[in-house]
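Welcome! Here is a short briefing on charged side chains and where they sit. Take a look at the structure first, and then we will walk through it together.

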Amino acid sequence: MIINAWSDVFKKKYGSTFPENYLCLDTEYTGGSSEKDLVLEIGHAMVSDRKIIDGFSLVLNWYIHPEVSSPWLDYKLNNLRNFMGKDWQLTPDFLKSRGRDPIESLRFYYKLFCTWGDSGGMFVGQNGLTADERMISGAFQRFLGKSWKFPENQYLDTGAIFKATEIAKRQDLSHLHDIVLPHRSESPKEYSRRICSLRLSGLSWKLDKIIETYPVSSAMEKAARHTAGYDAELLHHVMESYRSEITEKVGQDDPQAEYRKAQAKWERDSKKAASVSAEVEDETQGRQTTPEPKQFPEPKRENKRSQRRL
């Protein structure tokens, strides 16, 4: 778990120990433009002492807003249903029958997020800077005339933690082991943004992949996936799964030493394997292997090198 390698300097920025009180949030929206698209649903799970004490979601009925075109909204929602599958709940009929006044809903969440942030509480999201913060802040600005962002030292991303941990486990990505550790000057929010922006082919860090690696309670109905309230609750279970793998370390002088040590061992093993492979190839071809002086130093020099390694 990458959290075990975070320095004390970085941990102090969010309170030194992995947070026990935090607010998980998730959103659903019509598309990726914060200026043109609409937030359809906002959900949260408020956690105190590692337990959910409050949580629900609000569906926003934009059909009642005078500035929103009904045909445009029909088109967006039907496209989402076709893309997401039959379990996608946010259909035109669902918004009209179950949705709430969108402006009142935005006002509620603006007040909740501001109050939580002012109290020093931690926010938790899944790729929340690219998606949730951008879309929610866009909606607040566009319809309420209010600005809002996650506070710098009060945001952790479950996707960033998972992604950094997976990179640190892989020897073929050893050249990135130092990169996935927080920089001394970074805030938790800046660190999350940097890790999420790393582009690596073949490395999935979506929520579905995370819960395959860190299973959550079977009591959660899978049919409710991709609703904001469900996914917000899911993030709470992921956070507590991460906690189970944390070994808090105090006075960690060099958190990068573990990865440098693993990288050096991998490089030594790779060179040894390459050397053995070359010798075997020479023997199978009937050639006698004659060490070159520059490649194989005299025994005395080799002993000194061995002593230095020890």
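Let us start with one pair: the side chains of Arg-194 and Glu-186 make a polar contact at 2.6 Å. Please keep in mind that this is a predicted model. Side chains of opposite charge can pair when their charged atoms come close. Glu-186 and Arg-194 do form a salt bridge, with their closest N and O atoms 2.6 Å apart.

**Around Arg-194**

- Arg-194 belongs to helix H7, which covers residues 188-197.
- Is Arg-194 buried or exposed? Its relative accessibility is 17%, so Arg-194 counts as buried, the cut-off being under 20%.
- Its partner shares that setting, as both Glu-186 and Arg-194 are buried.
- A polar atom of the Arg-194 side chain also lies 3.0 Å from the backbone oxygen of Leu-181.
- Setting aside neighbours within four places in sequence, Arg-194 is in contact with Ile-179, Leu-181, Pro-182, His-183 and Glu-186.

**A buried pair between two helices**

- Lys-189 forms a salt bridge with Glu-133, and the closest N and O atoms are 2.8 Å apart.
- Lys-189 sits in helix H7 and Glu-133 in helix H5 (residues 129-144), so this pair ties together parts that are 56 residues apart in sequence.
- Lys-189 counts as buried at 5% relative accessibility, and Glu-133 counts as buried at 4%.
- Which residues are linked with Lys-189 in a network of salt bridges? They are Glu-133 and Arg-193.

**A partly exposed pair within one helix**

- Glu-104 and Arg-107 form a salt bridge, with 2.7 Å between the closest N and O atoms.
- Both residues lie in helix H4 (residues 102-118), where they are three residues apart, about one turn of the helix.
- Glu-104 is partly exposed, with a relative accessible area of 46%, and Arg-107 is partly exposed too, at 45%.

**The chain as a whole**

- How many salt bridges are there? The count comes to nine salt bridges.
- The secondary structure is made up of eleven helices and five strands.
- The chain has 310 residues, and 45% of them count as buried.
- Of the contacts between residues at least 6 apart in sequence, 74% join residues at least 24 apart.
- The accessible surface of the chain is about 17400 Å², and carbon and sulfur atoms account for 49% of that surface.

Notes:
Residues numbered from 1 in each chain as written. Predicted model: local features only at pLDDT ≥ 70, side-chain atom pairs only at ≥ 80, totals over all residues. Heavy atoms only, no water. Helix = DSSP H or I, 4+ residues; strand = E, 2+ residues; numbered from the N terminus. Buried < 20%, exposed > 50% of the residue type's maximum accessible area, 1.4 Å probe, protein only. Polar contact = N/O pair within 3.5 Å; in protein donor to acceptor, adjacent residues only side chain to side chain. Contact = heavy atoms within 4.5 Å. Areas by Shrake-Rupley, 256 points an atom, 1.4 Å probe, with all protein chains shown as cover. Salt bridge = Lys/Arg side-chain N within 4 Å of Asp/Glu carboxyl O.
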